[in-house]
Amino acid sequence: MPSWNSRGLRGSMLEEAVNFTNERYRKEHLALVQKIPTPITPINIDKEKRHITLAYFEQKSTVDYIGNVQGIPICFDAKECATERFALQNIHEHQMNYMEEFERQQGIAFLIIYFKNVDIYYYVPFRDVKGFWDRAEHGGRKSFLREELDQSYQIKTSNQIFIHYLEALNQDLATRDA
């Protein structure tokens, strides 16, 4: 079992906050967004207790969340980093491919990134993620700085809807329609 500070539990607080937000959105009839479970392959199963005692994670084929916001299909991944620099190695190639295909089908793909050191959340549109990814693919920096992000996409937090990313999504939609 992973310890509390292992890589396997990294981001679980962020995930809980996003899950809480999505549940609030559902109750308010604003959106229906679901967490996509990570597929596992069991290795050992305790037949008496009927639970898995050892398993490994399969490679994911999608992102963490998929849903619909009042007729608009969305998909996103929630990521967290401890410094002002977000390493692109935290995004898997299959996730980039999935988000690109999702946008090709008229959906909206994005990341929610939590910068722990400053306690700030950002909505990062896929087009921006793709720009950073392409820069790295062409020999550039394999990370991006928080200051490189569009500061108007900072996500407000509140007690009612913890990570209120729909405001940033709405802003993103407005720039796409312009």
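Of the 178 residues of the protein chain, 39% count as buried, where buried denotes a relative accessible area under 20%, exposed one over 50%, and partly exposed the range in between (1.4 Å probe, protein chains only). The model is a predicted one, in which local features need pLDDT of at least 70 and side-chain atom pairs count only at pLDDT 80 or more, while totals for chains, interfaces and linings use all residues. Residues are numbered from 1 along each chain as its sequence is written, and side-chain values use heavy atoms, with hydrogens and water left out.

The secondary structure of the protein chain amounts to 4 helices and 10 strands, assigned as DSSP runs (helices, H or I, of at least four residues; strands, E, of at least two) and numbered from the N terminus. Read from the N terminus, the order of elements is α-β-β-β-β-β-β-α-β-β-α-β-β-α. Among contacts with a separation of 6 or more (a contact being heavy atoms within 4.5 Å), 64% are made by residues 24 or more positions apart. The accessible surface of the chain, obtained by the Shrake-Rupley method with a 1.4 Å probe and, for residues, with only the protein chains shown counted as cover, is about 11,000 Å², and 51% of this area belongs to carbon and sulfur atoms.

Helix H1 comprises the 16 residues 12–27, and the distance of 22 Å between its end C-alpha atoms agrees with the span of 22 Å expected at 1.5 Å a residue, the expected span being 1.5 Å times one less than the number of residues. Its buried residues are Leu14, Ala17, Val18, Thr21, Asn22 and Tyr25. Because these residues cover an arc of only 135 degrees around the axis, they lie on the same side of H1, the arc being that of the directions from the helix axis to the C-beta atoms. An α-helix has 3.6 residues a turn, so residues three or four places apart point the same way. The elements that cover the buried residues of H1 include strands E1 (32–35), E4 (65–69), E5 (72–81), E7 and E8 as well as helix H4 (166–177), whereas Met13, Glu16 and Lys27 are exposed on the face turned away from the buried side. H1 is followed by His29, which has a positive phi near 60 degrees.

Helix H3, with 12 residues (126–137), likewise has end C-alpha atoms 16 Å apart, in agreement with the expected 16 Å. Phe126, Val129, Phe132, Trp133 and Ala136 are its buried residues, and since they fall within an arc of 125 degrees when seen down the axis, they line one face of H3. These residues pack against helix H2 (93–104) and strands E7 (108–115), E8 (120–125) and E9 (143–145). Gly139, with a positive phi near 90 degrees, follows H3.

Positive phi values also occur in loops flanking E7. Most residues other than glycine have a negative phi. Gln106, although not a glycine, has a positive phi of about 75 degrees; it is found in the loop between H2 and E7 and is exposed, with a relative accessible area of 65%. Gln105 is placed in the loop between H2 and E7 and counts as exposed at 64% relative accessibility; its C-alpha atom is 9.2 Å from that of Pro73, at a sequence separation of 32 residues. Asp119, in the loop between E7 and E8, has a positive phi near 55 degrees.
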